[in-house]
Amino acid sequence: MPRLLHPNAAHVADILISRGHHGVVVTSADPCPSAEAAAESIGVTVGAIVKSLVFVLDEEPILLLVSGAHQVNTEATGKRLEGTLTEAPLDLVELATGQPVGGIAPVGHPTNLPTFVDESLARYPELWAAAGHPNTVFRTTCSELLRITAGLAIDVT
């Protein structure tokens, strides 16, 4: 019996299609709670996994789309963004994205989050990002990710 997409993933697929992406969302039987687990499940290097992370820049939430191979250097990235960057508390993450941690997609949020994309993602010809639920992902590229999110490429390390 075919599995139906989780409502969050269906919403993400609709947003992707409305922005010119193919909108294909892949569902796995088990959640992938980390970039490493997602990479292993898909069969790609961890750097090709896009982590969607919510931070607070001064007092406003922003979305950083980061390679699974990187950790965000909050001090350096905050300076690049001309503010103070801190990790968002869990309640703010859920409020800003409407999606569960571990499944946050780059799109489909109830708020319009300013989005910044780790420039190192351009090294990978194919990227995989969560699609609104921990069991779902979609394939994209760095240039497409910048386009569908209206994001800006930055160095996050």
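Hi everyone. A strand, in the naming I'll use, is a DSSP run marked E with at least two residues, and strands are numbered from the N terminus. One more thing before the tour: what you see on the screen is a predicted model.

Let's begin with a residue in a strand. Ser 52 sits in strand E2. Is Ser 52 buried or exposed? Ser 52 has a relative accessibility of 11%, and because buried means under 20%, Ser 52 counts as buried. The side chain of Ser 52 has a polar partner as well: it reaches the backbone oxygen of Ile 104 at a distance of 3.1 Å. Leaving aside residues up to four places away in sequence, Ser 52 touches Leu 63, Leu 64, Leu 65, Ile 104, Ala 105 and Pro 106.

Now please find helix H1, which runs over residues 7–18. H1 has 12 residues and reaches 17 Å from its first C-alpha to its last, close to the 16 Å expected at 1.5 Å a residue. Which residues of H1 are buried? They are Ala 9, Val 12, Ala 13, Ile 15 and Leu 16. These buried residues lie on the same side of H1, because they cover an arc of only 165° around the axis. If you'd like the background, an α-helix has 3.6 residues a turn, so residues three or four places apart point the same way.

What do the buried residues of H1 pack against? Their partners are strand E7, at 136–140, and helix H5, at 142–149. Turn the model around, and on the face of H1 away from the buried side you meet the exposed residues Pro 7, Asp 14 and Ser 18. Just after H1 comes Gly 20, with a positive phi of about 90°.

That brings me to two other backbone spots. Asp 58 is not a glycine, yet it has a positive phi of about 60°. You'll find Asp 58 in the loop between strand E2 (49–57) and strand E3 (60–67), and at 47% relative accessibility it counts as partly exposed. Ala 150 also has a positive phi without being a glycine, with a value near 55°. Ala 150 is in the loop between H5 and strand E8 (152–154). With a relative accessible area of 64%, Ala 150 is exposed.

Next, the core. Which residues touch the most other members of the largest nonpolar core? That core has 28 residues, and the ones with the most contacts to other members are Val 50, Leu 121, Leu 127 and Leu 145. The elements giving two or more residues to this core are H1, E2, E3, helix H4 (90–97), E6 and H5. Our friend H1 supplies the largest share of this core, 5 residues.

Take Val 50 as an example. Not counting residues up to four places away in sequence, Val 50 touches Leu 65, Val 66, Leu 121, Leu 127, Trp 128, Ala 129, Ala 130 and Leu 145. Apart from this core lies another, of 11 residues, and among them are Leu 64, Val 66, Phe 116 and Val 156.

Finally, charges. Side chains of opposite charge can pair when their charged atoms come close. How many salt bridges does the model have? The count comes to 4, and I'll walk you through some of them.

In helix H3, residues 74–80, Lys 79 and Glu 75 are separated by about one helical turn, being 4 residues apart. They form a salt bridge whose closest N and O atoms are 3.7 Å apart, and both Lys 79 and Glu 75 are exposed.

Helix H5 holds another pair, Arg 147 and Glu 144, 3 residues apart, or about one turn of the helix. Their side chains meet in a salt bridge at 3.6 Å, N to O. Arg 147 is partly exposed at 45% relative accessibility, whereas Glu 144 is buried, with a relative accessible area of 17%.

Then there is the salt bridge between the side chains of Arg 139 and Glu 126, at 3.9 Å from N to O. This pair links distant parts of the chain, 13 residues apart: Arg 139 is in strand E7, and Glu 126 is in the loop between strand E5 (115–118) and strand E6 (127–130). Arg 139 counts as partly exposed at 37% relative accessibility, and Glu 126 is partly exposed too, with a relative accessible area of 32%.

That's the tour. Thanks for listening!

Technical notes. Residues numbered from 1 in each chain as written. Predicted model: local features only at pLDDT ≥ 70, side-chain atom pairs only at ≥ 80, totals over all residues. Heavy atoms only, no water. Expected span 1.5 Å × (residues − 1). Buried < 20%, exposed > 50% of the residue type's maximum accessible area, 1.4 Å probe, protein only. Arc of directions from axis to C-beta. Contact = heavy atoms within 4.5 Å. Core = buried A, V, L, I, M, F, W, Y, C linked by side-chain atoms within 4.5 Å. Polar contact = N/O pair within 3.5 Å; in protein donor to acceptor, adjacent residues only side chain to side chain.
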